[in-house]
Amino acid sequence: MPKTDSVSHGDLVVCACQGRDFTAADAIEGALVGGDLDLKWEHFLLRVAAEKRADEQDLELDDDAFDTAVEEFRYEHDLITAEETEQWLATRGLTLDDLSDYFARRYWGSAVTDNVEPEKVDYSSAPADLRDLFVIDLILSGQLEHLTTRLIWRLAALAEEKDVDPESVAAERKRFLERNGMDETQLKSWLDVLGRDDEWLDRQATMEMAYRARCEVLLVPAAHKKELVRLRLALTRFEVEVIEVESRDAAQEALFCVREDGMAMEEVASEGRYPFRRMEFLFEDLAPEAQQRFLSVTIGQVLEPVIRGDGFELCRIIKKVEPQTDDPAIRSRIEQRLLDRHFAELASKHVERKLGSAAATG
């Protein structure tokens, strides 16, 4: 396996557009300018601080939890063998030690929450080794993929844009300064720390302007309504009551009490001391095998028991709500579909997604 210690993980190429490579650092720092990085950075610093606290207290890692997390990662990425895992890591400039360290940080971030004080440092002024560790976290968590998609969409929008309005670019730049509480004199120092210049910032503003212009044309009421027709079933909301029982016989008995005796689900659960909960979900969020059960249900219907873990689950339909565009959650899903489809087509014309090699310098 090749050594990668001398290469900054921020130098890994993630995409190319119009003959130019763009790196992980380009994706990350573009998100920084756009205000989309702060929360990720805060969560990362919290995990680092939790790991440090665990080390100070000589706490022992839960090996079972750690191994389970690693196995889930390998399953998610279809990495069957150790060799496949090493190769996947190598193409991203990583090692097995990087993987182990990442899952240790993630474990301590969840397990240690008391007296944890994250370091108060901005991404732009953080030491190089801390920023590099952050890139590793973004790669292994999958968040770098999302940041790369964010960059690709903006590159594609800019490549398609015929007329760049200088006033719109200036307004985008002004929004950035206001959001970060900076003036033009402070800006130069900020750019110097990042190793960027004024031309780079103007390009970020231009890409953002081009992206916003595309979104304004795309996300109009007529497009929302048309997409809603296509997604009516997928975005139907179900509200249900659920009882968990230990055996098939218990499930059949509970079903009889509800259907034949007219007992309420909560009453059956209380008498049998079964776990009871109410929940809601959208049809598209169900697993494919579960969707079939909800295709033609009616309000008040109690579904046949299904196996769930070591027991069985009984479900009753309380409400079935067709989607409306004035529902913020539904509107968000519709807009995401419109954006995904539009920018996937646009990006296919202008941008190539890449990962694994260091960008050429000069």
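This note goes through the charges, salt bridges and one buried residue of a predicted model.

1. Overall make-up. The chain has 362 residues, and buried ones make up 42% of them. It holds 15 helices and seven strands. Taken along the principal axes, the C-alpha atoms fill a box of roughly 75 × 60 × 40 Å. The accessible surface is about 20500 Å², with 48% of that belonging to carbon and sulfur atoms.

2. Contacts along the sequence. Of the contacts between residues at least 6 apart in sequence, 78% join residues at least 24 apart.

3. Charge. There are 77 negative and 46 positive side chains, and the centres of these two sets lie 7 Å apart. Side chains of opposite charge can pair when their charged atoms come close. In the whole structure, a search finds 36 salt bridges.

4. The negative patch. Asp55, Asp58, Glu60, Asp62, Asp63, Asp64 and Asp67 form a negative patch on the surface. Helix H3, residues 63-76, supplies the largest share of this patch, with three residues. Asp55 belongs to helix H2, residues 38-56. Asp55 counts as exposed because its relative accessible area is 59%, and the cut-off for exposed is over 50%.

5. A pair within helix H2. Arg53 and Glu56 form a salt bridge through their side chains, at 3.6 Å from N to O. Both residues lie in helix H2, three residues apart, which is about one turn of the helix. Arg53 is partly exposed at 22% relative accessible area, and Glu56 is also partly exposed, at 48%.

6. Two partners of Arg333. The side chain of Arg333 meets that of Glu284 in a salt bridge of 2.6 Å, N to O. Glu284 sits in the loop between strand E4 (276-282) and helix H14 (288-291), while Arg333 is in helix H15 (residues 328-350), so this pair ties together parts 49 residues apart in sequence. Arg333 also meets Asp285 in a salt bridge, at 2.9 Å from N to O. That second pair links distant parts of the chain, with Asp285 in the loop between E4 and H14 and Arg333 in helix H15, 48 residues apart. Relative accessible areas are 21% for Glu284, 29% for Arg333 and 45% for Asp285.

7. A salt-bridge network. Salt bridges link Asp36, Arg150, Arg154, Glu172, Arg175, Glu208 and Arg212 in a network.

8. A buried threonine. Thr206 lies in helix H10, residues 198-218. Its relative accessible area is 14%, so Thr206 is buried. Leaving aside residues up to four places away in sequence, Thr206 touches Leu158, Val164 and Val169.

Definitions and conventions: Residues numbered from 1 in each chain as written. Predicted model: local features only at pLDDT ≥ 70, side-chain atom pairs only at ≥ 80, totals over all residues. Heavy atoms only, no water. Patch = residues over 30% accessible without salt bridge, like charges linked within 9 Å, V, L, I, M, F, W, Y side chains within 5 Å. Areas by Shrake-Rupley, 256 points an atom, 1.4 Å probe, with all protein chains shown as cover. Salt bridge = Lys/Arg side-chain N within 4 Å of Asp/Glu carboxyl O. Lys, Arg positive; Asp, Glu negative; His and termini not counted. Charge placed at Lys NZ, Arg CZ, Asp CG, Glu CD. Helix = DSSP H or I, 4+ residues; strand = E, 2+ residues; numbered from the N terminus. Buried < 20%, exposed > 50% of the residue type's maximum accessible area, 1.4 Å probe, protein only. Contact = heavy atoms within 4.5 Å.
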